[in-house]
Number of protein chains: 2
Amino acid sequence: MTWQQIAADKKKAQLDAVPKDWLLNEADLPKQIDVSSCAHSSPLLSPLDLEITESSVSVLLGNLASAKWSSLQVTTSFSKRAVLAQQLTNCLTEIFIDRALARAKELDEHLKKTGSVVGPLHGLPVSLKDQISIQGLDSTIGYVGWIGKPATENAAIVDILEELGAVFYVKTNIPQTLMWLETFNHIFGRTTNPHNRTLTCGGSSGGEAALIAFKGSPLGVGSDVGGSVRVPAAFCGTYGFRPSYHRIPYRGCANSLQGQDSIPSVLGPFSNTLDGLTIFMKAVLSKRPWLKDPLVVRKSWDEDAYSLVEHGGPGAKLCYAIMWDDGFVKPDPTVRRGLEITKKALEAAGHEVIDWKPHKQAEIGLTTLKIWASASEEDGATVAALTGEPLVGSMDPEADIWQKRPMMAGPLSAYQLWQVQKAKRDLREEYLDHWARTVKETSTGRPVDAIISPVAPYAAPPHGKSGNIFYTIWCNLLDYPSVVVPVGAKVDPVLDAKQPRTEFYTEFDKQNYEKYDPALYENAPLSIQVVGRTMEDEALLAMTKIVDDALQATAL
Amino acid sequence: MTWQQIAADKKKAQLDAVPKDWLLNEADLPKQIDVSSCAHSSPLLSPLDLEITESSVSVLLGNLASAKWSSLQVTTSFSKRAVLAQQLTNCLTEIFIDRALARAKELDEHLKKTGSVVGPLHGLPVSLKDQISIQGLDSTIGYVGWIGKPATENAAIVDILEELGAVFYVKTNIPQTLMWLETFNHIFGRTTNPHNRTLTCGGSSGGEAALIAFKGSPLGVGSDVGGSVRVPAAFCGTYGFRPSYHRIPYRGCANSLQGQDSIPSVLGPFSNTLDGLTIFMKAVLSKRPWLKDPLVVRKSWDEDAYSLVEHGGPGAKLCYAIMWDDGFVKPDPTVRRGLEITKKALEAAGHEVIDWKPHKQAEIGLTTLKIWASASEEDGATVAALTGEPLVGSMDPEADIWQKRPMMAGPLSAYQLWQVQKAKRDLREEYLDHWARTVKETSTGRPVDAIISPVAPYAAPPHGKSGNIFYTIWCNLLDYPSVVVPVGAKVDPVLDAKQPRTEFYTEFDKQNYEKYDPALYENAPLSIQVVGRTMEDEALLAMTKIVDDALQATAL
């Protein structure tokens with residue numbers, strides 16, 4: 001069989017897995033670019049389905065635990081909405097709703113019989129990025145060569161979420177190799193942005209973000225080695241969290257660049273409300289994941305840290321610093337406006353907001369790219385060679401799929417790689433010192449508490465145009481946890497009008513400026529990221545809650 | 001200048017740094033092989049000097065804090081004994097006693113003036129392995145090419161120990177490149193074992209172990225990437241600790257294999273009593289080292305873990321498992337006897353002791369060696385080329401120094417290295433599962449609490465014969481913290497007589513058997529290591545105290 005046939009068979013099997021009566025006729029599918037609210041006009045979803053799928057994780061868990069809503073009901077509602085999301089944005093890979101409904105029933109019976117929940121996520125549907133292995137299902141990460149090789153065991157995070165009470169029902173789409181900021185592969189095709197289907201949903205956890213943004217899942221798990229949780233969360237207007245290295249177990253996930261130990265990929269949650277991310281972290285850490293995955297740091301959820309003991313204590317005035325641009329590519333007016341809204345909201349809430357001085361942001365990004373590129377081409381080629389499928393060379397829908405992906409660096413010897421990794425360590429040390437020195441610029445007596453930065457120099461761009469990784473990748477090299485927060489606004493052709501500029505940092509900056517036109521970004525959400533120091537995951541979530549509350553207070 | 005001249009000048013400068021009236025005439029130096037007690041017959045040391053230098057760290061700190069002993073006195077006593085150790089075992093590199101005495105005086109004045117100590121290590125002399133940088137001093141790690149390049153800033157651990165009140169006075173000898181289990185380089189020469197100078201002190205922190213064993217330092221800091229704290233601690237009969245990755249800050253130390261991120265070297269303490277190691281860990285962690293070194297895990301000293309909450313609580317019966325051999329090279333009778341003594345002592349103290357089933361110990365060792373060898377030759381050659389000095393090819397005193405070191409693996413591409421690193425991760429996962437399964441074999445309801453293992457298949461061997469790294473290296477790949485404990489016995493020609501064997505695991509096993517003769521190991525101490533799970537440093541120290549107390553109760 002050719003790789004095309006293998007891929008087509010897999011795609012057909014996917015369609016076959018969808019309950020037939022939930023499929024709309026092609027002719028009945030909405031045609032508009034913004035499908036984010038289409039669930040409301042769909043015959044598939046009842047008012048209860050809509051109420052359930054638009055509830056926060058806290059509300060869902062409360063109603064599941066009190067048996068106001070059964071898990072069967074909740075799982076059915078999210079499954080229907082996920083199938084609709086799939087038809088409109090093509091965001092799924094594996095679909096296994098039968099299995100989910102059976103599990104939901106078991107959980108309902110358990111609750112009925114014992115009067116108690118199996119765990120803090122009792123009955124909650126949770127979606128998973130394709131790479132997260134579930135026994136008996138494929139984890140192709142978009143490689144045709146990995147079709148029909150079902151996982152022989154669960155990833156550690158799957159075992160843990162299951163112990164916590166989660167119900168799995170779908171896995172979500174990714175780019176082939178996972179190493180793209182968009183979502184396309186030869187098996188499942190392209191995932192689009194529910195706010196505007198001519199725009200990318202971002203990547204690599206693009207299917208996850210599109211599904212969550214469509215409210216086809218209350219809580220999802222993606223991964224981030226350079227921005228793969230945060231870029232799609234920002235482009236789709238959801239919340240996404242990149243935790244510090246080695247807090248959430250990665251064991252048993254399919255991946256690319258395996259054995260690359262220097263800048264590890266991390267799993268992180270997506271949700272439509274911040275509480276979803278915090279609940280996820282607390283719940284997973286409560287299961288002592290270091291007993292299941294040797295790479296996980298033995299460090300429980302730290303409630304003291306969450307109450308900000310090291311940041312002046314609960315209720316203290318904080319100092320946030322905004323990185324308006326990285327000195328490499330100036331963000332578009334859309335992105336700047338998101339930061340300005342955030343600054344105003346925080347000041348209105350009584351916090352200090354100063355400017356963050358970027359420090360070698362481009363060098364940090366390039367160093368990361370060099371580490372990846374030391375062996376990424378051989379890594380991808382080895383898997384592609386299993387069937388002869390081409391490695392994706394461009395995400396542009398018009399591009400030749402056989403073209404070679406342009407690389408910013410080339411393969412290295414182990415000794416050369418060590419030299420780059422040494423430079424990486426030096427950059428981490430410098431940045432730590434850079435941050436510590438901000439104690440002189442704040443009024444709190446502490447260094448800056450958290451940094452606020454763009455997630456990309458643009459809002460969700462048209463397909464094929466999401467290439468700048470520099471606004472997220474610095475957190476991966478420096479191991480800074482980071483939460484993406486939607487600002488609550490969308491691109492506005494008037495407010496975000498193009499401003500004249502004649503001087504540019506770099507050629508990349510100029511290109512980005514030249515291609516900007518607010519009309520291209522119609523309806524794209526504005527988002528920011530809040531960045532904390534290594535292993536300050538708990539404090540960062542608390543400081544992000546302050547940002548999020550401030551933004552919501554402004555919006556009211 | 002030739003590299004020989006540069007090295008000779010450095011060695012001469014070292015001698016010049018020793019206070020002249022502390023130097024014995026060559027003719028007056030003891031000639032016996034066992035010099036471990038020579039301090040008692042030396043005119044250099046007064047009874048008070050002897051009392052001080054034979055006190056535990058707890059006693060020293062108590063008497064320093066109460067001003068019973070001034071830091072000047074304590075520093076002088078240890079400095080004298082260190083100089084004697086240097087003349088007898090050649091264990092030092094940088095010697096800077098003037099600087100130390102000035103610092104000690106300042107600390108004494110501070111205590112007198114304020115009535116309080118500057119920190120928990122107030123006034124305590126602390127020795128440092130050569131690689132640990134002190135501003136203004138060389139850190140050559142035995143490379144002639146790094147002579148005359150003094151550190152421009154302190155290593156993070158130096159800043160922290162200084163804040164805690166430590167007094168630095170000497171740095172200690174290492175093998176060129178640090179990647180040997182013995183201690184010899186072209187600048188400072190060879191360090192010998194104070195218990196028997198025809199035997200090696202081990203390496204790479206060999207100078208540190210020899211100095212501590214001679215009681216020329218109460219507390220020292222070494223490093224361990226494959227056994228470099230533990231092998232010398234065992235060979236010299238002192239306590240040594242290899243903590244988990246990233247608990248003690250490594251920032252600013254000279255090193256080889258820099259940029260090798262997969263199996264990091266860690267700093268760890270040496271002392272003649274276990275309390276020294278525990279005090280060191282608690283004190284360093286109290287300074288929140290993650291604020292100084294971005295690689296340090298944000299994880300405070302965990303007193304709950306130290307009180308063994310996860311091991312049945314204080315006073316509970318524990319289950320230790322002994323790895324009698326690794327299935328690759330059977331330990332000599334000397335080593336087995338050390339384990340037997342430990343088993344009896346623990347059982348007498350009411351604990352359970354079962355057998356540890358080795359799991360792929362050789363594969364784990366070889367995987368580590370492959371990771372190092374992926375670039376170690378180029379790494380060493382690059383520094384050696386600065387002056388043309390040869391890389392040490394053998395530690396045998398009779399060997400040709402120009403011979404090439406035999407390697408068990410060769411240089412790799414980055415992609416090949418990733419494949420080995422991936423295999424490493426798989427081994428860590430397997431070993432975690434292997435350990436977890438022991439829950440079925442214990443009577444405690446828990447998996448084995450800690451493993452007890454040989455540190456090498458032999459006690460301290462003659463110079464040039466310390467080549468087997470497999471009994472320590474598994475802890476480095478698996479990131480298992482490990483404490484070396486002297487058993488309180490020495491090699492005995494009768495008790496440790498050679499036993500007939502006709503079957504062997506491997507050629508290495510046969511060679512080790514054939515070379516065994518208890519007479520060769522005269523006076524070598526017997527030691528064991530106690531091994532805990534990743535990041536269980538606190539619990540491991542507590543479980544090691546139980547082992548140590550049991551051994552001492554047996555000895556009484």
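I started with the surface: chain A exposes about 19,100 Å², and carbon and sulfur atoms supply 55% of that area. Note to self: this is a predicted model.

Next, burial. Of the 556 residues in chain A, 64% are buried.

Then I checked overall shape. The C-alpha trace of chain A spans about 60 × 55 × 50 Å along its principal axes. A compact globule with 556 residues would have a radius of gyration near 24 Å, and chain A comes in at 22 Å, which agrees.

I looked up the fold make-up too. Chain A has 17 helices and 15 strands. When I took contacts between residues at least 6 apart in sequence, 79% turned out to join residues at least 24 apart.

UniProt check: an unreviewed entry lists residues 74–541 of chain A as "domain: Amidase". That span is 34% helix and 15% strand, and its end C-alpha atoms lie 27 Å apart.

One helix I wanted a proper look at was α15 of chain A, residues 470–478. Nine of its nine residues are buried, so the helix is largely enclosed by the rest of the structure. The buried set includes Phe470(A), Tyr471(A) and Trp474(A), and also Cys475(A) and Asn476(A). Right after α15(A) comes Asp479(A), with a positive phi near 55 degrees.

Last, the two copies. I can lay chain B on chain A with an RMSD of 0.0 Å, using a turn of 180 degrees and a shift of 0.0 Å along the axis. The copies are thus related as by a two-fold rotation axis. As for the interface, 100% of the interface residues of chain B are also interface residues in chain A, so the copies meet through the same surface.

Terms used
Residues numbered from 1 in each chain as written. Chains lettered and ligands numbered in written order. Predicted model: local features only at pLDDT ≥ 70, side-chain atom pairs only at ≥ 80, totals over all residues. Heavy atoms only, no water. Buried < 20%, exposed > 50% of the residue type's maximum accessible area, 1.4 Å probe, protein only. Helix = DSSP H or I, 4+ residues; strand = E, 2+ residues; numbered from the N terminus. Least-squares fit on C-alpha atoms with pLDDT ≥ 70 in both. Contact = heavy atoms within 4.5 Å. UniProt positions renumbered as here; feature names shortened; annotations may be inferred. Rg over C-alpha atoms; globule rule 2.2 N^0.38 Å. Areas by Shrake-Rupley, 256 points an atom, 1.4 Å probe, with all protein chains shown as cover.
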